[in-house]
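Hi everyone, thanks for making the time. Let me put the model up on the screen, and then we can walk through it together.

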Amino acid sequence: RWLKVLEIKQKDEHGEVTPWINHDIVPLPPSRRTWGAWSFVGFWMLTGFNISGWTTASSLLGLGLNVWQAMVSVIIGNLIVACAVVANGFVGAEWHVGFPIYNRFTWGLFGSFFPLLMRILLSLVWYGVQLVL
């Protein structure tokens with residue numbers, strides 16, 4: 001009885017559900033696209049206001065940089081990261097598909113497990129670093 005509750009329905013409005021396609025990874029229809037340009041800007045601005053962002057500048061000051069040198073270093077570093085984030089997120093913003101689709105059409109169906117595992121390991125390491133700091 002409990003297995004029936006946990007079982008995934010094999011049909012949805014997009015057709016048959018398989019391990020390779022389901023409702024969550026098909027491109028979003030226009031009715032579900034709620035984020036605009038300012039939503040993306042606000043999201044990324046808010047992610048910059050965290051403990052690691054604050055400790056970066058204070059660590060640079062502790063290493064002997066002047067205030068203006070630390071500010072320039074942080075700004076240049078954030079611009080480099082912003083370029084990488086925009087390049088990585090362009091596919092999702094332009095064609096409204098998420099990481100699983102982007103991963104699969106780059107690496108193939110079975111090759112996509114490698115970047116997925118790397119992403120999981122990176123997140124574990126990152127959360128460990130955040131926990132220690």
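In which helix is Gly53 found? Gly53 is found in helix H3. Before we go on, a word on what you are looking at: this is a predicted model, where local features need pLDDT of at least 70 and side-chain atom pairs count only at pLDDT 80 or more, while totals for chains, interfaces and linings use all residues. Residues are numbered from 1 along each chain as its sequence is written, and side-chain values use heavy atoms, with hydrogens and water left out. When I say helix, I mean a DSSP run of H or I with at least four residues, numbered from the N terminus.

Back to Gly53. With a relative accessible area of 31%, Gly53 is partly exposed; here buried means under 20% relative accessible area, exposed means over 50%, and partly exposed is in between, using a 1.4 Å probe and protein chains only. Its C-alpha atom is 18 Å from that of Gly64, with the two positions 11 residues apart along the chain. Gly64 comes just after H3 and takes a positive phi of about 110°.

What about the length of H3? Helix H3 covers residues 51–62, and its 12 residues should span 16 Å at 1.5 Å a residue; the end C-alpha atoms are 16 Å apart, so that agrees. The expected span is 1.5 Å times one less than the number of residues.

Now for packing. Two packed helices are described by the angle between their axes and the distance between the axes. The axes of H3 and H4 come within 9 Å and cross at roughly 135°. Axes here are lines fitted to C-alpha atoms, for helices over the stretch in contact, and angles run from 0 to 180 degrees between N-to-C directions. That crossing makes H3 oblique to H4; angles under 35 degrees count as roughly parallel, over 145 as roughly antiparallel, 65 to 115 as roughly perpendicular, and the rest as oblique. Which residues meet? From H3 we have Thr56, Ala57, Leu60 and Leu61, and from H4 we have Val67, Ala70, Ser73 and Val74. Contact means heavy atoms within 4.5 Å. This set divides into 6 nonpolar, 2 polar and no charged residues. For that sorting, Ala, Val, Leu, Ile, Met, Phe, Trp, Tyr, Cys and Pro count as nonpolar, Asp, Glu, Lys and Arg as charged, and the others, Gly among them, as polar.

Staying with H4, which runs over residues 67–95, let's look at Trp95. Is Trp95 buried or exposed? At 53% relative accessibility, Trp95 counts as exposed. Leaving aside neighbours within four places in sequence, Trp95 is in contact with Pro27 and Phe90. The C-alpha atoms of Trp95 and Leu28 are 8.6 Å apart, although 67 residues separate them along the chain.

One more pair. Helix H5 (residues 99–107) and helix H6 (residues 113–132) have axes that come within 9 Å and cross at roughly 135°, which makes H5 oblique to H6. Phe99, Asn103 and Trp107 of H5 make the contact with Phe114, Pro115, Leu116 and Arg119 of H6. These residues divide into 5 nonpolar, 1 polar and 1 charged.

Let me finish on Asn103, in helix H5. Asn103 is buried, with a relative accessible area of 6%. Not counting residues up to four places away in sequence, Asn103 touches Gly108, Ser112, Pro115 and Leu116. Thanks, everyone!

How values were computed
Helices (H or I, at least four residues) and strands (E, at least two) are DSSP runs, numbered from the N terminus.
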